[in-house]
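Biologist: I would be grateful for a close look at one part of this protein, the metal site. Please describe the site and then set it in the context of the whole chain.

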Amino acid sequence: MNTICLSHGYADGHYVLPPLPYDESELEPLVSAETLLLHHDKHHAAYVAGANAAADALRRINNGSLGAEYASATVQQLMFHLGGHILHTLYWRSMSPHPSGPPQGTLATAIETSFGSFDAFCRLFSRVAEGVQGSGWGVLGLEPVSKRLIVTGICKHQDVMIPGLCPILVCDVWEHAYYLTWQNNRKGYIEKFMQHINWSGVAELFEQSVVL
Ligand code: MN3
């Protein structure tokens, strides 16, 4: 997993809300300041709180102060909220107000090997993200068996996941991510997202993932 990026989301034994890596208005018009602040300060914060509550409940089940009959439901809560925390932590760093252009170096080579060309990757990622049913995510990740990059979708924060997939680029397509600005135009939001991808940051995550 992408430890350097995700380490911002944990401190002193608890999940914590990492600060945004840019000012709230810097991603306009992709994401309005209003949307960005609500998304980070309310939605992401709620997933952090939910992950901590579920982790605490599991500790109490482990020490016997909470009944084991709550274990299954608590694990479901942890999967949802921790999934949301992880994906949002990656999401903030998937975007940049000053994108560095198409990927370079080993990441560029891996994209060409996996998808045929950078343009083919962009078309595939956009279509998959646009096609996620309901609330979910578009994902570019390293598939651990073949060591190739794949594009996939995630429903909610935890469903239809490929086990072991290491995400290096994620696009939030829950309506809360774009609706205030784009209304029902998810396609327009994704097109603009593709222009704001933090490719140097994605390349760092790719390099970390390859060595794991
Ligand atoms: Mn979200």
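Modeller: The account below begins with the metal site and then turns to the fold, one helix residue and the backbone of the loops. The model is a predicted one.

The manganese ion has four named protein donors: H39 through NE2, H88 through NE2, D172 through OD and H176 through NE2. These donors lie 2.0 to 2.2 Å from the ion. Along the sequence, the donor residues follow the spacing H-x48-H-x83-D-x3-H. D172 counts as buried because its relative accessibility is 0%, below the 20% limit that defines a buried residue. The strand β5 covers residues 166-172, and the helix α2 covers residues 33-62.

The site belongs to a protein with eight helices and five strands. Read along the sequence, these elements follow the order α-β-β-α-α-α-α-β-β-β-α-α-α. The radius of gyration is 17 Å, close to the 17 Å that the globule rule gives for 212 residues, so the protein is as compact as a globular protein of that length. Taken along the principal axes, the C-alpha atoms fill a box of roughly 55 × 40 × 30 Å. Of the 212 residues, 49% count as buried. Among contacts with a separation of 6 or more, 69% join residues 24 or more positions apart.

As for the surface, the protein exposes about 10,300 Å², and carbon and sulfur atoms supply 56% of this area. There are 12 positive and 19 negative charges, and their mean positions are 6 Å apart.

E130 is a residue of helix α5, which spans residues 118-131. With a relative accessible area of 33%, E130 is partly exposed. Leaving aside residues up to four places away in sequence, E130 touches R186, K187 and I190. The C-alpha atoms of E130 and R60 are separated by 40 Å, and the two residues are 70 apart along the chain.

Three places in the loops deserve attention for their backbone geometry. The peptide bond from E28 to P29 is cis, with omega near 5°, and P29 lies in the loop between β2 and α2. K156, in the loop between β4 and β5, has a phi near 50°, a positive value in a residue other than glycine. K156 is partly exposed, at 37% relative accessibility. Q183 also is not a glycine and has a positive phi of about 50°. Q183 lies in the loop between α6 and α7 and is partly exposed, with a relative accessible area of 40%.

Notes:
Residues numbered from 1 in each chain as written. Predicted model: local features only at pLDDT ≥ 70, side-chain atom pairs only at ≥ 80, totals over all residues. Heavy atoms only, no water. Donors = N, O, S within 2.8 Å, 3.2 Å for Na, K, Ca; no water. Buried < 20%, exposed > 50% of the residue type's maximum accessible area, 1.4 Å probe, protein only. Helix = DSSP H or I, 4+ residues; strand = E, 2+ residues; numbered from the N terminus. Rg over C-alpha atoms; globule rule 2.2 N^0.38 Å. Contact = heavy atoms within 4.5 Å. Areas by Shrake-Rupley, 256 points an atom, 1.4 Å probe, with all protein chains shown as cover. Lys, Arg positive; Asp, Glu negative; His and termini not counted. Charge placed at Lys NZ, Arg CZ, Asp CG, Glu CD.
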